[in-house]
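Visitor: I am new to this structure. Please take me through its largest nonpolar core, piece by piece.

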Amino acid sequence: MRTKIYIDGFNFYYRAVKKTPYKWLDLMALMEKLLSPNNQIIEIKYFTALVSGQRDPQKPINQQTYLRALKAYIPQLNIFYGHFLTHHVYAELAKPTANQKAVQIVKTEEKGSDVNIAVHLLNDAWLNDYDCAVVVSNDSDLAEAMRLVKLYHPTKLIGLIMPGDGHPSKELMKHSDFIKRVRKGVLLNSQLPNPIPNTNLFKPHGW
């Protein structure tokens, strides 16, 4: 089966690898371990946004090193960028007092990736670019795109790969033909070489 992978980069990072030593992850090796030998992976689409170095100037350097490593090592991988939106909002206090019920906070949101995934998932189905699509996320906002693929392309399979612990989204499960979970053992066994062959790209310190 011609298989395309759609990875929600930040959903995956925060749920599966943030507090682990497995950030130098080989996404192709990971997908090959999780999927059937019948899944011929023709493309991995990785959706993310470039982080700010305002609080930690090393973060964007680490991220860009990793993205360059992925592109150098996995020819089937393409990266699609959203963006961050930061603004000031008022948030209610969990324990308000007589004098204060809310505080102003800085809220930063990653924008665009869920919409981008949904558009690519649908467009690739209409173009007949895959027999099986695999969504790597637990964001229920993707459920409608998955539903439409199943409605108008009933012969196509949709897999759901759940990053991290917790329960898969019930909305995503409704439209999935199979569900896999990313566990620590498979992360350990799916690391990129260090350095990336024929490059000067090394795993960031602390990863």
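Guide: Start with the term itself. A nonpolar core is a set of buried Ala, Val, Leu, Ile, Met, Phe, Trp, Tyr and Cys residues joined through side-chain atoms within 4.5 Å. Buried here means under 20% relative accessible area. Keep in mind that this is a predicted model.

Now the core. The largest one holds 35 residues. Six of them touch the most other members: I5, F12, L27, L30, M31 and Y66. Many elements feed this core. Two or more residues come from each of the helices α1 (9–17), α2 (27–34), α3 (58–73) and α7 (184–188). The strands β1 (2–8), β2 (40–48), β3 (77–81) and β6 (132–136) do likewise. The top contributor is α2, which gives 5 residues.

Why gather such residues at all? In soluble globular proteins, nonpolar side chains tend to be buried together.

Look closely at F12. Set aside its neighbours within four places in sequence. F12 then contacts I7, V17, L25 and L30. It also contacts V136, P163, V182 and L187.

There is a second core, separate from this one. It has 17 residues, among them I117, L121, A125 and L172.

Two helices of the largest core, α1 and α7, also help line the second largest pocket, with at least two residues each. There, α1 supplies the largest share, 4 residues. The pocket's volume is about 200 Å³. Its lining counts 14 residues, and R15, A16, G164, D165 and K184 lie nearest its centre. By class, that lining has 6 nonpolar, 2 polar and 6 charged residues.

Key: Residues numbered from 1 in each chain as written. Predicted model: local features only at pLDDT ≥ 70, side-chain atom pairs only at ≥ 80, totals over all residues. Heavy atoms only, no water. Buried < 20%, exposed > 50% of the residue type's maximum accessible area, 1.4 Å probe, protein only. Contact = heavy atoms within 4.5 Å. 1 Å grid on protein atoms, 1.4 Å probe; cavity = no way out; pocket = protein on both sides within 12 Å on 5 of 7 lines; lining within 4 Å. Points joined across faces, edges and corners; volume = space filled by probe spheres on them. Nonpolar A, V, L, I, M, F, W, Y, C, P; charged D, E, K, R; others polar.
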